[in-house]
Amino acid sequence: MGRGMRKIFTLVFIMFAMVACDKRDPILPGTRTAIFSTSNLEIKNGTITDVPVSAVVLDNSACKYTQDSSNTVWDGTRKIFSGFPTNNSVAGRARPVCSGKYVYAGLTTGEVVKINPSNRQIVWIADVYRASNLTGGASMVDIVVPILPVGNAVFAGGMGDAFCKINATSGAKQWCVDIGVGVPFVVAGDYAFVVSTDNYLYAISTSDGSIVWRTSVKKQAAPTYDSGVVSVGRQSINVADGKIIK
């Protein structure tokens with residue numbers, strides 16, 4: 001191929017990639033949702049009257065798939081998904097989550113991917129980071145906490161300042177909240193309880209993503225839930241109003 005033809009080919013490829021990137025990734029196959037457009041935080045400072053009894057428990061012990069630091073998902077020695085390695089990421093080993101016949105994986109490049117392992121098909125890819133972080137708003141956009149499928153929804157949060165509810169079938173955004181998440185979260189009843197990277201515990205309505213209340217906590221730790229009380233480290237918080245109990 002001559003130099004002139006190579007230049008034309010390169011220009012055509014770049015134009016195709018720019019047109020396609022909002023719907024389909026030019027390299028990774030599968031439908032891709034647009035970058036989530038989120039807004040400033042609005043805290044209702046309300047109360048939760050329908051206090052849930054218990055939290056959703058995900059037993060992922062039988063999920064046989066593994067994920068390496070290069071965003072590759074494996075079925076033993078068989079590769080079922082290949083992502084891209086990143087130099088700037090949070091240390092730790094991510095693990096895919098199984099739900100029915102599908103596998104969900106969070107990537108250090110800020111996406112959640114749904115995979116059909118039987119044929120290695122990428123069902124969808126969803127970006128989970130605040131839109132401004134695409135242009136350098138955050139140094140890391142890793143999905144570092146376990147993804148949580150609940151019914152036909154998938155909850156995911158990462159270091160790119162977004163905690164999101166995604167439609168499990170289509171990969172479409174339900175809503176996103178502008179908070180970074182670095183530790184596992186809890187879903188109980190109609191609410192998600194999320195500790196953010198700026199040391200707040202948020203009570204978020206899973207129906208519309210509204211923030212019922214938030215409370216400052218002493219440390220970033222995975223919350224636990226039991227009969228109307230959320231515990232973060234040694235602190236206990238009343239679920240109804242977000243007040244510290246002790």
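A polar contact is a pair of N or O atoms within 3.5 Å; within protein, one must be able to donate a hydrogen and the other to accept it, and residues adjacent in sequence count only if both atoms are side-chain atoms. One such contact, of 3.1 Å, joins the side chains of Tyr202 and Arg214. The model is predicted: local features need pLDDT of at least 70, side-chain atom pairs count only at pLDDT 80 or more, and totals for chains, interfaces and linings use all residues. Residues are numbered from 1 along each chain as its sequence is written, and side-chain values use heavy atoms, with hydrogens and water left out.

**The chain as a whole**

- The protein chain has 1 helix and 19 strands; helices (H or I, at least four residues) and strands (E, at least two) are DSSP runs, numbered from the N terminus.
- Of the 246 residues in the protein chain, 44% are buried. Buried means under 20% relative accessible area, exposed means over 50%, and partly exposed lies in between (1.4 Å probe, protein chains only).
- About 12,700 Å² of the protein chain is exposed, and carbon and sulfur atoms supply 53% of that area. Accessible areas come from the Shrake-Rupley method with a 1.4 Å probe, and for residues only the protein chains shown count as cover.
- Among contacts (heavy atoms within 4.5 Å) in the protein chain between residues at least 6 apart in sequence, 50% join residues at least 24 apart.

**Disulfides**

- A disulfide is a covalent bond between the sulfur atoms of two cysteines. The structure holds 2 disulfides, identified as pairs of cysteine sulfur atoms within 2.5 Å.
- One disulfide joins Cys63 to Cys98, with an S to S distance of 2.0 Å. Cys63 lies in the loop between strand S1 (31-32) and strand S2 (66-67), and Cys98 lies in strand S5 (residues 97-99), so the pair ties together parts that are 35 residues apart in sequence.
- The torsion about the S-S bond of Cys63 and Cys98 is about 70°, so this disulfide is right-handed.
- Cys63 is buried at a relative accessible area of 6%, whereas Cys98 is partly exposed at 22%.
- Another disulfide joins Cys164 to Cys176, with an S to S distance of 2.1 Å. Cys164 is in strand S11 (residues 162-167) and Cys176 is in strand S12 (residues 173-177), 12 residues apart.
- Why is the disulfide of Cys164 and Cys176 called right-handed? The torsion about its S-S bond is about 110°, so it gets that description.
- Cys164 is buried at 0% relative accessibility, and Cys176 is buried with a relative accessible area of 15%.
- With the bonded cysteines of the protein chain numbered in sequence order, the pairing is 1-2, 3-4.

**Aromatic rings**

- The whole structure has 8 aromatic pairs. Rings of Phe, Tyr and Trp (its six-membered ring) pair if their centres lie within 6.5 Å; planes under 30 degrees apart count as stacked, over 60 as edge-to-face and the rest as tilted.
- One of the pairs is Tyr104 and Trp124: the ring centres are 5.9 Å apart and the planes are at 45°, so the pair is tilted. Tyr104 lies in strand S6 (residues 102-106) and Trp124 in strand S8 (residues 121-127), so the pair ties together parts that are 20 residues apart in sequence.
- Tyr104 and Trp124 are both buried.
- The rings of Phe155 and Trp175 have centres 6.3 Å apart and planes at 55°, so this pair is tilted. Phe155 lies in strand S10 (residues 153-158) and Trp175 in strand S12, so parts 20 residues apart in sequence are tied together.
- Phe155 and Trp175 are buried, and they form one aromatic cluster with Phe163 and Phe185.

**Charges over rings**

- A charge sits over a ring if NZ of Lys or CZ of Arg is within 6 Å of the ring centre and within 35 degrees of the ring normal.
- The charged end of Lys114 sits over the ring of Tyr102, 4.2 Å from the ring centre.
- Arg214 lies over the face of Tyr200, at 4.1 Å from the ring centre.

**Two buried residues**

- Thr72 lies in strand S3 (residues 72-75) and is buried at 8% relative accessibility.
- Not counting residues up to four places away in sequence, Thr72 touches Thr66, Gln67, Lys79, Phe81, Ser82 and Gly83.
- Tyr202 lies in strand S15 (residues 200-205) and is buried, with a relative accessible area of 0%.
- Leaving aside neighbours within four places in sequence, Tyr202 has contacts that include Leu41, Ile43, Ile179, Trp213 and Arg214.
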